[in-house]
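Biologist: I should like to learn how to read contacts, burial, helices and salt bridges in a model. Could we proceed feature by feature, with the general idea before each case?

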Amino acid sequence: MEEAILFQVEGGVAVITLNRPNQLNSFNPPMHKALRAALQQAESDEAIRAIVLTGSGRGFCAGQDLNDRNVNSGNTMPDLGESIEKYYNPLIKQISTISKPIIAAVNGVAAGAGANIALACDIVFAAQSASFIQAFCKIGLVPDSGGTWFLPRLVGSARAKGLMMLGDKLSASQAQEWGMIWQCVDDDRLMEEVLTVAHHLATQPTKGLGYIKQALLYSSANRLDEQLNLEKDLQRLAGRTNDYREGINAFFDKRAPEFKGN
């Protein structure tokens, strides 16, 4: 059997690949477990300072593997809420709160939960041929994996409703135009572009980037005074890092800083 997740580290960057290409990298329980373990490994390894999430074959991720669900007449209907609580919600929380930058390299179709897992990442690159589909409405379901939280904040309420209620395919170039993703690039340059950015991030002040993630995660729910207090607290922590000291010293020495991620 093929491994559901491939894990490779080079130059401070962990590349995590969803690896069920014959199923468009759709999720089943073993793949959930393997991905969460890979993310935990990347989080705990101090030598890893940036993460790339991508898919093998022609798709990024088609969401849930529907072959795992038996809804034939006469069978007890599955508890999808239990599935989300056990698998998808912990995964989205892990991606959103992991203290290192994570880039999605969307190499093909990203549908259903697969689209929203990509949007949970910090920076999203997509190949020109890639597309995003909020496919839930086509089978009578509600967008999950944080989709109803991420998508309206990225593209606005009107576009989010249209995408979720019509289930139309959104091209990578349109996703970039709408501000849903960071950049759309030629297919043959996707990983080159992503790895260039990932290796850059792996040389930057890792703890400071983690604090930026934390600040942005709470910004949409906080009142202004709450966000100002959060900024104060996070800045206090950032100001105590060795990377802050290095950044200031490099500025006065007129040289490029050498951040160590601590």
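Modeller: Let us start with contact, which means heavy atoms within 4.5 Å. Neighbours within four places in sequence left aside, Ala 238 is in contact with Tyr 211 and Tyr 244. This is a predicted model, in which local features need pLDDT of at least 70 and side-chain atom pairs count only at pLDDT 80 or more, whereas totals for chains, interfaces and linings use all residues. Residues are numbered from 1 along each chain as its sequence is written, and side-chain values use heavy atoms, with hydrogens and water left out.

Biologist: In which helix is Ala 238 placed, and is Ala 238 buried or exposed?

Modeller: Helices here are DSSP runs of H or I with at least four residues, strands are runs of E with at least two, and both are numbered from the N terminus. Ala 238 belongs to helix H9, residues 224-238. For burial, the relative accessible area is used: under 20% is buried, over 50% is exposed, and partly exposed lies in between, with a 1.4 Å probe and protein chains only. Ala 238 counts as buried because its relative accessibility is 16%. As for distance across the model, the C-alpha atoms of Ala 238 and Pro 78 are separated by 46 Å, the two residues being 160 apart along the chain.

Biologist: How should one read the two sides of a helix, and which residues of H7 are buried?

Modeller: An α-helix has 3.6 residues a turn, so residues three or four places apart point the same way. In H7, the buried residues are Leu 190, Glu 193, Val 194, Ala 198 and Leu 201. Viewed down the axis of H7, these buried residues fall within an arc of 130°, so they line one face of the helix; the arc is that of the directions from the helix axis to the C-beta atoms. Glu 192 and Thr 196 are exposed on the other side of H7.

Biologist: What do the buried residues of H7 pack against, and how far does H7 reach from its first C-alpha to its last?

Modeller: Their packing partners are strands S2 (13-18), S3 (50-55), S5 (102-106), S7 (123-127) and S10 (183-185), together with helix H8 (206-219). For the length, the expected span is 1.5 Å times one less than the number of residues. H7 (residues 190-201) has 12 residues and reaches 17 Å, close to the 16 Å expected.

Biologist: How is a salt bridge recognised, and how many does the count come to?

Modeller: The rule asks for a side-chain nitrogen of Lys or Arg within 4 Å of a carboxyl oxygen of Asp or Glu. By this rule the count comes to nine salt bridges. One of them joins Glu 193 to Arg 189, with the closest N and O atoms 1.8 Å apart. Glu 193 is buried because its relative accessibility is 18%, whereas Arg 189, at 33%, is partly exposed.

Biologist: Which residue meets Glu 246 in a salt bridge, and what else does Glu 246 touch?

Modeller: Arg 255 and Glu 246 meet through their side chains at 2.7 Å, N to O. Glu 246 is placed in helix H10 and is buried at 17%, while Arg 255 is partly exposed at 35%. With residues up to four places away in sequence not counted, Glu 246 touches Arg 255, Ala 256, Pro 257, Glu 258 and Phe 259. Elsewhere, Arg 223, Asp 225 and Glu 226 are linked in a network of salt bridges, in which the side chains of Asp 225 and Arg 223 meet at 3.3 Å, N to O.

Biologist: Which residues make the nonpolar surface patch?

Modeller: Patch members have over 30% relative accessible area and no salt bridge; like charges are joined within 9 Å, and nonpolar side chains (Val, Leu, Ile, Met, Phe, Trp, Tyr) within 5 Å. Areas come from the Shrake-Rupley method with a 1.4 Å probe, and for residues only the protein chains shown count as cover. Tyr 244, Ile 248, Phe 251 and Phe 252 make a nonpolar patch of about 480 Å². Phe 252 lies in H10, residues 242-253, and counts as exposed because its relative accessibility is 60%.

Biologist: Lastly, how is phi read, and what is the value for Ser 145?

Modeller: Most residues other than glycine have a negative phi. Ser 145 has a positive phi, near 55°; Ser 145 lies in the loop between strand S8 (131-133) and helix H4 (147-155) and is buried at 1%. Leu 24 also has a positive phi, near 50°; Leu 24 is in the loop between S2 and helix H1 (29-44) and is partly exposed at 21%.
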